[in-house]
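Morning, everyone. Please bring up the model and keep the sequence beside it.

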Amino acid sequence: MEFDLDGNAVGNSGRSEFLERFIHSEIYKARPDVMSVVHTHSPGVIPFSVSQAPLRPMYHNAAFLAAGAPVWDIRKDFGETDMLVRDASLGKSLAQTLGDKSVVLMRGHGDVTVGPAVKVAVFRAYYTDVNARLQSQAAALGGDINYLTPGEGAKADTVNLAVLDRIWNLWKMRIAPSLGPSLGPSLGK
């Protein structure tokens, strides 16, 4: 389904509209560099959205987290809600919290990742969850955790983006058979 930047359906043929489309529309308005937005309810990420533990980069694939992953709390400005980003004011608030980062966590809800292309936003969504799970495991071991520094994160993120097609093509090969011959080859073009 296609939507304009105000979250209005374009050529809606009577289908139900996605409630949280304003996550996407307001981020696109706020960030001209963003060409893809992914919203997930990743179980590994949720604990970092409701605790005081910041999500930080554990390893090179999650290097983009070195720039920070702010937490947006819908209750702060909007009181008790159903937790869904169902209008432009909620989406704008979320986009403001995201700022210039690649990831924003949503308290008790999930996260949003962004990128200049679908494959970048998907990569970030996947590795945000993987990193969260690894960080929880490392914290359970006790002691200090040796996170990536901002400098390491910036350097590793540059390399990750340069070789992203390798992992993207691997992911396509893994899911293409389930999509059938008509969709498999065109995925990601």
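I will go from the overall fold to the cores, then to two helices and a few single residues.

Some ground rules. This is a predicted model, so to speak of local features I need pLDDT of at least 70, and side-chain atom pairs count only at pLDDT 80 or more, while totals for chains, interfaces and linings use all residues. Residues are numbered from 1 along each chain as its sequence is written, and side-chain values use heavy atoms, with hydrogens and water left out.

Start with the fold. The protein has seven helices and six strands. These are DSSP runs, numbered from the N terminus: helices are H or I with at least four residues, strands are E with at least two. In sequence order the pattern reads β-β-α-β-α-β-α-α-β-β-α-α-α.

Now the overall dimensions. The C-alpha atoms fill a box of roughly 55 × 45 × 30 Å along the principal axes. What would a compact globule of 189 residues have as its radius of gyration? Near 16 Å, and the protein has 17 Å, which agrees. That radius is taken over C-alpha atoms, and the globule rule is 2.2 Å times the number of residues to the power 0.38.

Next, burial. Buried residues make up 40% of the 189. Buried means under 20% relative accessible area, exposed means over 50%, and partly exposed is in between, with a 1.4 Å probe and protein chains only. The accessible surface comes to about 10300 Å², and 56% of that belongs to carbon and sulfur atoms. Those areas come from the Shrake-Rupley method with a 1.4 Å probe; for residues, only the protein chains shown count as cover.

Contacts, meaning heavy atoms within 4.5 Å, come next. Take those between residues at least 6 apart in sequence: 65% join residues at least 24 apart.

On to the cores. A nonpolar core is a set of buried Ala, Val, Leu, Ile, Met, Phe, Trp, Tyr and Cys residues joined through side-chain atoms within 4.5 Å. Which members of the largest one touch the most other members? Leu-55, Phe-64, Leu-65, Phe-123 and Tyr-127, out of 18 residues. Two or more residues each come from β5 (103-106), α5 (118-141) and α7 (164-179). A second, separate core has 16 residues, including Ile-74, Val-85, Leu-90 and Val-104.

Zoom in on Phe-123. Beyond its neighbours within four places in sequence, Phe-123 contacts Asn-61, Phe-64, Asn-160, Leu-164, Ile-167 and Trp-171.

Stay on α5 for two more residues. Ala-125 lies in this helix. Its relative accessibility is 8%, so Ala-125 counts as buried. Leaving out residues up to four places away, Ala-125 touches Val-38, Thr-40 and Thr-113.

Asp-129 is also found in α5. Buried or exposed? Asp-129 counts as buried, because its relative accessibility is 13%. Its contacts, again without neighbours within four places, are Ser-42, Pro-43, Gly-44 and Val-45. Asp-129 and Ser-42 are 87 residues apart in sequence, yet 6.0 Å apart C-alpha to C-alpha.

Two helices deserve a look. In α4 (residues 88-98), the buried residues are Leu-90, Gly-91, Ser-93, Leu-94, Ala-95 and Leu-98. Their cover includes α1 (21-30), β4 (71-72), α3 (74-78), β5 and β6 (110-115). Gly-99 follows α4, with a positive phi near 55°.

Turn to α1. Here Arg-21, Phe-22, Ile-23, Ser-25, Glu-26 and Ile-27 are buried. The buried residues of α1 pack against β1 (2-3), β3 (36-40), α4, β5 and β6.

Last, some residues with more surface. Val-50 lies in helix α2. With a relative accessible area of 51%, Val-50 is exposed. Outside four places in sequence, Val-50 contacts Arg-107 and Gly-108. The C-alpha atoms of Val-50 and Arg-107 are separated by 5.5 Å, with their positions 57 residues apart along the chain.

Ala-53 sits in the loop between α2 (46-50) and β4. Its relative accessible area is 37%, so Ala-53 is partly exposed.

Finish with Met-83, in the loop between α3 and α4. Met-83 is not a glycine, but has a positive phi of about 75°. At 21% relative accessibility, Met-83 counts as partly exposed.
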